[in-house]
Amino acid sequence: MEKGLDRMTNRHKRKNKRRNITIAAVIVLAVIFAASLFLRSFNSGDTVTITVPEGASSSVIARQLKEEGVIHSKLWFLLRLSLSEYKGKLQYGTFKFDKNDSLNEIFETLATKGAKKNTVKLVIPEGYSVNMIKERVCGMGLCTDSEFDRAVNAEYDYSFLNVIPDDKDISCRLEGFLYPSTYEFYSDADAETVINTLLKEFEKQTKDLNIPDGDMYEIITKASMIEREAKLDSERRTIAGVIENRLNANMLLQIDATVVYAISDGMYNVDRVYYKDLKIDSKYNTYKYKGLPAGPICSPSIKSIKAAQSPEKHKYLYYHTDTDKNNGSHIFTETYDEHTDSQKQ
């Protein structure tokens, strides 16, 4: 019985000890806080300039602030910071503080008014090929040609890339998957960061389309042709329907853009296609080889991807530019005779 009472007494003592330690800690923090407020009230409102080096920890920043008289307790600064919305967000750079600034004001200054890296805006228009993107990225000084080439040929962890055919006739493995949009990069971003960002945007844009990975390459190949051929949004699905009809009829697609891709190395910098160009021996030449070209011929927009996924149902097998309207529209016909007649008008 006595041993039981001793154990109860010891537990009670330990419990009281823990409680006393907790109370003492609260009192110490309260004293520090009160002292901080008290001492701050005597500040003259002088402005202090402090330079925080890049990579400085919160503890180093707190020490600097204390040495310059901006704060009066490093411990209280770090405790309040850990509980604030600015935790982990302090920047480096040169800052100005008033000695009467509150801790929240100090946190906000450190988190929002520090040094910012220079950024560059990269615009990738719809219908750009990998080589056109390369020219723009390298022209902005983000990387060299060789660095870009290495980045394009690097491995990236996206499921839609796993089903790209291992075909020597494919001009560039990532053709069609570098999503066209406007991006902002730090000026010291490397080529792989740029490529990975464009791939990630492609994944984001196509996620809700629920395209099976096994169908992705074919869809993007069709979408890339639609992107280069369609000038009007209203005709994207119509052109997609023509592609489907010609494939189902085992006809040559005869898409001019595929020839231009082949003869210009994807730069699309030729003014017109000549009869001799239609004979170029390339698996991208849909005037020479039946079926789809070897792969995508540019980066298509989400509008063209949706059109390729859901082509319009009709019987058109031919189309050509409507030169009378001269607005980028096309005249669609079902037979070759209709097609040639409409060109004579």
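1. Start with α6: in this predicted model, its buried residues are Phe148, Ala151 and Val152. Looking down the axis of α6, you'll find them within an arc of 100°, so they line one face of the helix. That fits the usual helix geometry: with 3.6 residues a turn, residues three or four places apart point the same way. The partners against which the buried residues of α6 pack are α5 and α7.

2. Phe148 deserves a click. Leaving out residues up to four places away in sequence, Phe148 touches Val130, Ile133, Lys134, Val137, Cys138, Cys143, Ala191 and Ile195.

3. Now the wider core. Phe148 is among the residues with the most contacts inside the largest nonpolar core, which has 64 residues; Tyr156, Leu161, Phe177, Ile195, Leu199 and Ile305 are also on that list. Elements giving two or more residues to this core include α5 (130-139), α6 (145-152), β4 (182-186) and α7 (191-206). The largest share, seven residues, comes from α8. Apart from this core lies another, of 20 residues, with Trp76, Leu81, Leu90 and Phe107 among them.

4. Then have a look at α9. Ten of its 13 residues are buried, so α9 is largely enclosed by the rest of the structure. The buried set isn't just aliphatic side chains, by the way: it includes Arg236, Glu244, Asn245 and Arg246, alongside Ile239, Val242 and Ile243. Among what covers the buried residues of α9 are α8, α11, β5 (318-321) and β6 (330-333).

5. As for the geometry of α9, the helix reaches 19 Å from its first C-alpha to its last, close to the 18 Å expected at 1.5 Å a residue. After α9 comes Asn250, with a positive phi near 60°.

How values were computed:
Residues numbered from 1 in each chain as written. Predicted model: local features only at pLDDT ≥ 70, side-chain atom pairs only at ≥ 80, totals over all residues. Heavy atoms only, no water. Core = buried A, V, L, I, M, F, W, Y, C linked by side-chain atoms within 4.5 Å. Buried < 20%, exposed > 50% of the residue type's maximum accessible area, 1.4 Å probe, protein only. Helix = DSSP H or I, 4+ residues; strand = E, 2+ residues; numbered from the N terminus. Contact = heavy atoms within 4.5 Å. Arc of directions from axis to C-beta. Expected span 1.5 Å × (residues − 1).
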